[in-house]
Structures are given as C-alpha cells and as structure tokens.
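Please walk through this structure with me, starting from its metal sites and then turning to one of its helices. I would like to understand how each is put together.

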Amino acid sequence: MRIDLHTHSTASDGTDSPAELVAAASRAGLDAVALTDHDTTAGWAEASAALPPGLRLVPGAELSCVSPDGRGGRCSVHLLAYLFDPLAESLIAEQRRLRLERRERLRVMAERMAADGLPVDPDELMAGLPPDGSAGRPHLAVALVRAGVVADVNEAFDRYLASRGPYYVRRADTPVAAAIEMIRNAGGVTVLAHAYAHERGPTVTPEVIGELAASGLGGLEVDHPLHDSTARTELRALAGDLGLLVTGSSDYHGTNKTIELGEETTSAEMFSALVERATGSTVVNA
Ligand code: AMP
Ligand code: FE
Ligand code: FE
Ligand code: ZN
C-alpha cells in the first residue's frame, strides 16, 4: 500500500487541478491520497468526481494556525485535518475568514511591491486567484516569475516573500487548540504537519506538542521532505511517548515545488487507525 496524506491542488497553492491531482496520484501508483488544500475544502467535489478506479481519496485540509512556541513566543503551525464534516458551521465560518484574510494580505504584499517599482499588478493578481479556494504566497511567486523578476518560485521566496523579508504580511491564523477542537467536533482527525521543519521558521518545543496531544491532537507528520533524520527520529519517539499516530507525506504542490507524489508515505497500519477514528466524512472510492 502506498499512501500519501498531504497534497495541494489549484484550490489552494498547488498547480494541478483536483482532477489532475488524482489522475497524477493514480499514475504515481498510490493506493490512497489525501487532498489537503490550505484552509479550504473547495477541491473535494472535483477530486471525488474524477477519482480513478483503484485510488482512494481522503478528504482533508491544512489549517493555518498559530501556537505558543514553548519559549515564551508564538509561531505558525500547520494542522492537517482529515475526514471531518465539511458542513460544520464553525469550521465553515473560520475557513471563510481565513480565506478572505489571505486574499487581502496578498493584495497588500503586491501593492507594496508595485509601490517599490516591481512589475506586479495587484488587480491582475487578485483576478487570477482561485475563486472559492485559498490564496497564498506561491500565487505571488508565480506572478514574479511571469514578470521575469525571478527565475523560479524558490527564488521568489528567497528574495521577496520570506517571512523575514520586506514585503511579508502576517495572517491572523486560528489558535491551534481551537482548530483541534473544531475538527474534533466535526468528527475529524488532526495531524500536526511538518512540526520540525526548521527552515520554515520558528518551531514548537516537544512540551507544546505534549500539550496539543492532551487537547486532542491525533498524530504527527514525521516523514516530510523538510524533516532531516534528526527531526524524524525525535518526532517518531515523541509520537510513541504521546500515543500519537505517525504519518509520512510528500506535501506535493505540483510545479510550485520539486517534490513528487508518493515521495514520502504513510504505513497501512497508521492509515487504518486514522480512518477508524474519523466520523465526520468517509474515504471516497471510485
Ligand atoms: P502562505 O500560506 O501564503 O503563507 O504561503 C506559504 C506557502 O508557500 C507554503 O504552504 C508553501 O506551499 C509555499 N512555500 C514556502 N516556502 C517556499 C519556497 N521556498 N519555495 C516554494 N514554495 C514555498
Ligand atoms: Fe502550500
Ligand atoms: Fe504546510
Ligand atoms: Zn502543505
């Protein structure tokens, strides 16, 4: 069984449409794939309708959250959420708030760039964003590539979009404990994404992960392209101590990143345990 539980489509900052993504997952030989767009379930219907025979679809999302970092400060964390009821009202309201905030924030970043003389048109950027989906810095990165300012998305992040850079605007993300509770109330299971991906910025301490486990976190994403072997070893041990599920996933974004589908995978045992705990929605079979 090859199972990849973290991917992005054009419903957020990936480059494959949901239909293209499930087709690519099937070609990559996956048995199950989760669609986890940032702060939206907008891709679920298209992915389900286009699901090739033999592939199972796990409906999910990656929620943008903020957490105490365990050192007296706060940091950004991403919470993977699976098999929750997409019609839960508190969830819909929070995702809508975040999506609007993401759009506005991207416009402000583009306006700052235009004011500095960079060839970025904020109106054109806004017009090209996914209508029901979730906007992110990769959309602005692609605009910079198209304008010839940088050669690729990675260079755009390094030079213009990094969180320590001059154009960065923060989002007001959901407190992670509230997000865990919201997903639990909607019958879903949560997994902390790339918790020790130090190159993304400040990360949480093991103590914070312990607190999240106590408040209902379901698992840790251990095998992730941004985790080195030390990070994986530490997180696997922590998951064992805390009784958390362990997942592995590619965090595929199409051509916005160089990672392939199925480059990291989740074991069949962990997958079954995750599915068993969920009551909010079901795995989709073609
Ligand atoms: P945002 O959600 O708007 O803050 O943008 C963060 C997203 O940008 C992440 O989900 C990644 O998909 C992407 N990202 C972050 N750093 C890079 C990078 N160096 N190269 C390509 N994509 C990146
Ligand atoms: Fe992303
Ligand atoms: Fe993430
Ligand atoms: Zn992701």
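D13 has a relative accessibility of 8% in this predicted model, and because residues under 20% are classed as buried, D13 counts as buried. This residue takes part in a metal site, for the protein donors of the iron ion (ligand 2) are D13, which appears with two OD atoms, together with H38 and H253, each through NE2, and these donors lie 2.1 to 2.7 Å from the ion. Along the chain the donor residues follow the spacing D-x24-H-x214-H. D13 sits in the loop between β1 (3–4) and α1 (18–27), while H253 sits in the loop between β8 (245–248) and α10 (268–277), so the two tie together parts that are 240 residues apart in sequence. H253 is likewise buried, its relative accessible area being 3%. Around this iron ion (ligand 2), six donor atoms subtend angles of 51 to 156°, which makes the arrangement irregular.

Two other metal ions can be placed relative to this one: the iron ion (ligand 3) is 5.6 Å from the iron ion (ligand 2), and the zinc ion (ligand 4) is separated from the iron ion (ligand 2) by 4.6 Å. Here, too, distant parts of the chain are linked, since H8 belongs to the loop between β1 and α1 and D251 to the loop between β8 and α10, 243 residues apart. The protein donors of the zinc ion (ligand 4) are H6 (NE2), H8 (NE2), E62 (OE) and D251 (OD), at 2.1 to 2.3 Å from it, and their spacing in sequence is H-x1-H-x53-E-x188-D. The angles among the four donor atoms of the zinc ion (ligand 4) run from 78 to 169°, and the site is irregular. H8, at 0% relative accessibility, counts as buried, and D251, at 5%, does as well.

We now turn to a helix. In α8, which spans residues 206–214, the buried residues are V208, I209, L212 and A213. Viewed down the axis of α8, these buried residues fall within an arc of 145°, so they line one face of the helix, whereas E207, E211 and A214, on the other side of α8, are exposed. The buried residues pack against several elements, including β3 (56–68), α7 (176–185) and α9 (229–242).

The pairing of α8 with α9 can be described further: the two helices pack at an angle of about 35°, their axes 11 Å apart, and the crossing is right-handed. At this contact P206, I209, G210 and A213 of α8 meet L235, L238 and L242 of α9. Just after α8, G216 adopts a positive phi of about 115°.

How values were computed: Residues are numbered from 1 along each chain as its sequence is written. Chains are lettered from A and ligands numbered from 1 in the order in which they are written. This is a predicted model: local features need pLDDT of at least 70, side-chain atom pairs count only at pLDDT 80 or more; totals for chains, interfaces and linings use all residues. Side-chain values use heavy atoms; hydrogens and water are left out. Buried means under 20% relative accessible area, exposed over 50%, partly exposed in between (1.4 Å probe, protein chains only). Helices (H or I, at least four residues) and strands (E, at least two) are DSSP runs, numbered from the N terminus. The arc is that of the directions from the helix axis to the C-beta atoms. Contact means heavy atoms within 4.5 Å. Donors are N, O and S atoms within 2.8 Å of the metal (3.2 Å for Na, K and Ca); water is not among the atoms, so sites may look incomplete. Four donors count as tetrahedral if all angles lie between 85 and 135 degrees; four count as square planar and six as octahedral if opposite donors are over 155 degrees apart and all others between 65 and 115; anything else is irregular. Axes are lines fitted to C-alpha atoms, for helices over the stretch in contact, and angles run from 0 to 180 degrees between N-to-C directions. A crossing is left-handed if the near helix is turned anticlockwise from the far one by less than a right angle, and right-handed if clockwise.
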